[in-house]
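Visitor: Could you take me through this model, starting with one helix and then turning to the charged pairs?

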Amino acid sequence: MALGDGIRRNIASVDPSERALLRDALLALNDRFFPGIRTDAPAPGGVTWWFKQDEIHQATHVHGGPEFIPWHREIVNRLEEMLRQINPQLSLHYWDWKQDPRAMPNANLGGGTTGTLNLFTPDFMGYGGSTVQAIGPPWQNGVAPWRNDGFYLPGASPDRDTSFNPADPPAAVNRSVVGSPITLQTETDILNAVDFADMRLLMESAHNAMHGFVRMGGAHISFRDPFVFLLHSGQDRIYSRWQTDPAHPERLNGATVYGRESGDPGLNGNVEPWSTGHSVDTFGQEHFTRPWYAPENQGVPHTYKSPSILFPPCYDTNLSGIPLIQVMNAGSPPVINFNDVPEGETAARAVVFSVYSCADVHLSITSGPTVVSGPVGTSFGTLLGTSVTVPHIVSLDPPQARLWISYKGTHPNDMATGTLTVHCNETNQDFVINITANTIARKTVATMLVLDQSGSMDWLAGIDPTTKRIDILHQAATQFVQLAQDSSRIGDGVGMVSFDNNAYPGVGVTRNTGTGFDLAPVITAIQNLHPQGATSIGNGVSLGRSTLAPVTGYDLKAMVVFTDGLENTSLFIADVMGSINEETFAIGLGTVQQVSVGALTSLANNTGGRLLLSGRLSPTIDDYFRLSKFFMQVLAGVKNNVIVTDPSGYISLGMKVRIPLVLNENDIDTTVILLTDLRAIRFLIETPAGDIISPAEAGALGATYAVGTNMSYYRFTLPLPLGAKPAQAGTWYALLEVDEKIFQRYALSSEQTFGSLAGRFAHGIRYNVSAHAFSNLRLHAELSQNSLQPGATLTVRAALSEYGIQVDHRAIVLAKLERPDNSQATIALAEIEPGIFEATTLAAMQGVYRFHILAAGATMRGLPFTREQDLSGAAVLGGDNAPPTSGPSTRTHDKELCDLLECLLGPNALGRFLSEYKVDPNAVRDCIERWCKQRLAGPSPEELREREGTTAVPAATGVTGQLLTSDVASLLADILSGAQPIPRTLSERHSPSTPARKHKP
């Protein structure tokens, strides 16, 4: 007898150590609590797991009807599930009603010995005498608190019998044992009953007799006594034996098991309290039971014909092990539905079986999957094998088995059907499954670039002595558009807006129709960006959103926001956050002190995008390409592509570099991109078989070779028809070599000698090679943090899926971390569940934390794969402060006051009065106009430069506070006095350095 095998046995036959484990787990139930507190209404909370059983029983008290037997099966099953949460090896064993629990013969006494066993001892079931007494140890201890080591508290006040609150303990749990067990004949009569109605009457009679034998304070409160579950497990054992009679397979069918009582309303109604938590007991009292009732609402409506109640648990006395197998796919016959599979993409769907069995079950595909209808090229396949073994049930929820079927999308609007047959060895059943499929075009994406052209973009980037931030943006954003113009992205669109302290429309979303020149206006607009003004990211995001929102004809929309600075002018991101509903990616160029980390994090996280931060750039090779790589990674994210590899390096004259690219059968198409700082590199592709693709040969193979700004790339669909066998899975190579003739040509065109140009590139030409794949094997990594301040915990989480199925223990994932002080670490992510990897680290110092995620493993067919992705986190002092907002605008109020003054100074109002006192009303009006013009004007160029930090001379800053009525009255008084010049700002007016003046009466 194996502990943990899920079989319920005679409690006398298990080892004493297992009985002790069962006792300890029962005690532990009283240390765990359901949600809430005792004063919650209408359903009290804070009830222990143990006393919840008494609450459940009293809230329903299902006796005397056809629901009696299956209802008690449900409560026994659920308690066993709770016990297994404490100790997964346990089963809820039974008391055999034919044996006296005070003297059970041939019992397991441990150490290989057998003898007579008394269950009622202080180390197991407690008191078992003939007079009514408290059950005592181990269930009660008068010294220690009852919730820690006992099931009741003597003298408790309040107690549940006076307070009627299930969160309160009972004052006592009493027991006496008087009588005798049932006879073998009684059990035989129950088992020989042909119809359920006859069987359950005999069973309830025997049940009542056993409650009379072991008296647990009365039938209504017996579920406070742990022995009641041994009694009811014993009842369910007899019911299970009756159900598993091989001569009566109808007893394993929900439609027939209840015989002539099948139509009983109770059997066809909800099983409470586990369905809704609302019940009425046999005495007519209404009850509300948590957590199945509000506020948790964990109830799952089901009837007494549900498989979870119908299926007999695994008892050692069951007569047969015939499994109960359900196909969970919808339809009759069941259907596997490959709905909306994109062209060229392989999708996986499963036929799902739910298996109730006390022995392992074997399922296998014996026919198909076969194509019934569809265009030429339609095929259905299998993944992860054609058979599966389902383990026997060991929990409340039956195990499920999946047989995976694949379908590759053909052409848009194609439809196909198919079929397969699955056989079960144990039941000799055949399950016929239908297959339906349709193919759609790949999703098209409209992307709006929102680019920063503020004054700080004129600063040096840090990668060399001359390159400015705007130069990096020109190149990286242009490369983004050039890649988006590739023929594989026909149907996609790109637009661009820009911002400084204002926002500028740029170019609306322009569709790529495949001419190769469709997106040229976007590139021109990017190249025409010139730094000026301050930084209002909110204005840019708002314009980007309003430009993108009305665009139609695309499946998806996304925004890419680039900025190098802190928000210093309204509108702010927080002002417009609520209106942004498109997926938004953000790229921050600079340190955490230079970029609005908090606002950008909120913008990206709240829209399903992500934030990438550069940190301080340096002349290192990784920093040189960092912004371009960020834009390319965003493009991959927008298009749902994955990054296979992404190395950087130097290449010198005479060198040959061979960079491995691991592709596999899941990859549909691949783009291999070369970035350089000098376009003098010969770039070729080598297949796994050693065949070479050159730019001249690419077109004939159906591939693309294209050149952009310091960039070139190949794009090809897999498999590639090159060589003796089409090339797909295996290790490909990017081949790099400096072209000396082109290098010399650059020297001549730049009026440099060959030697001086070589000196400039002393380490060699910088390069970065990245391979992107549109693939069925995908890595999705994300970073979250519980704070944006130093001391935050950064959590990196990565998900690997193949055909939509999690990659289960077939991969490792590492995170290469670079901290703000340039120290580095490699962190192994733990596989916390199939295909889900996670690790945490501490952000101890201020700055940007850059993560490079590396995944490597084997596909379902055993071929190697690699995937990569960059993530970034940040910690900054004050990072958890609320992002800036504009606050309420005073412009309308100020305008109204200025309009009022203009009216008052008209010829028919104060103008006539002023003239009578020899005051020129036009002079006064001119003063007011100058005042209001300054008040209503925006910030001056000097102030904008000061905000942006692009001037060494601080400019005066106008007040942005509200113009008050008292200010107007004081202003008029000063004008009338003829002695006070109009101040530039209100703060100047009230400055301590300005002497106070008295006004003439």
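Guide: What follows is a set of questions and answers on a predicted model.

Visitor: How many residues does helix α12 have, and what distance does the helix reach from its first C-alpha to its last?

Guide: Helix α12 runs over residues 537-548, which gives twelve residues. At 1.5 Å a residue, the span expected for the helix is 16 Å, and the model comes close to that value. From first C-alpha to last, α12, with its twelve residues, reaches 16 Å.

Visitor: Which elements are included in what covers the buried residues of α12?

Guide: The buried residues of α12 are Ile537, Gly538, Asn539, Gly540, Val541, Gly544 and Leu548. Their cover includes the strands β17 (445-452), β18 (493-499), β19 (503-511) and β20 (556-563), and it also includes two helices, α13 (573-576) and α14 (597-605).

Visitor: Which residue meets Glu345 in a salt bridge, and where in the chain is that partner?

Guide: Glu345 is in the loop between β9 (335-342) and β10 (346-356), and its partner is 433 residues apart from it, so to find the pair one has to look at distant parts of the chain. Both side chains of this pair, Glu345 and Arg778, are buried, and they meet at 2.8 Å, N to O. The partner, in strand β33 (residues 777-785), is Arg778.

Visitor: Are Asp458 and Lys468, which meet in a salt bridge, buried or exposed?

Guide: The side chains of Asp458 and Lys468 meet at 3.2 Å, N to O. Both residues lie in the loop between β17 and α10 (469-484), so this salt bridge ties together parts that are ten residues apart in sequence. Asp458 has a relative accessible area of 37% and Lys468 has a relative accessibility of 29%. Buried requires under 20% and exposed over 50%, so Asp458 counts as partly exposed, and Lys468 likewise counts as partly exposed.

Visitor: How many residues apart in sequence are the parts that Asp667 and Arg867 tie together?

Guide: The side chains of Asp667 and Arg867 meet in a salt bridge at 2.9 Å, N to O. Asp667 counts as buried at 1% relative accessibility, and Arg867 counts as buried at 0%. Because Asp667 lies in strand β26 (residues 667-676) and Arg867 in strand β40 (residues 864-875), the parts that the pair ties together are apart in sequence by 200 residues.

Visitor: Which residues do salt bridges that share partners join into one network?

Guide: By the rule applied here, the count of salt bridges comes to 40. Where salt bridges share partners, they join into one network the residues Arg8, Arg73, Glu80, Arg84 and Asp236.

How values were computed:
Residues numbered from 1 in each chain as written. Predicted model: local features only at pLDDT ≥ 70, side-chain atom pairs only at ≥ 80, totals over all residues. Heavy atoms only, no water. Helix = DSSP H or I, 4+ residues; strand = E, 2+ residues; numbered from the N terminus. Expected span 1.5 Å × (residues − 1). Buried < 20%, exposed > 50% of the residue type's maximum accessible area, 1.4 Å probe, protein only. Contact = heavy atoms within 4.5 Å. Salt bridge = Lys/Arg side-chain N within 4 Å of Asp/Glu carboxyl O.
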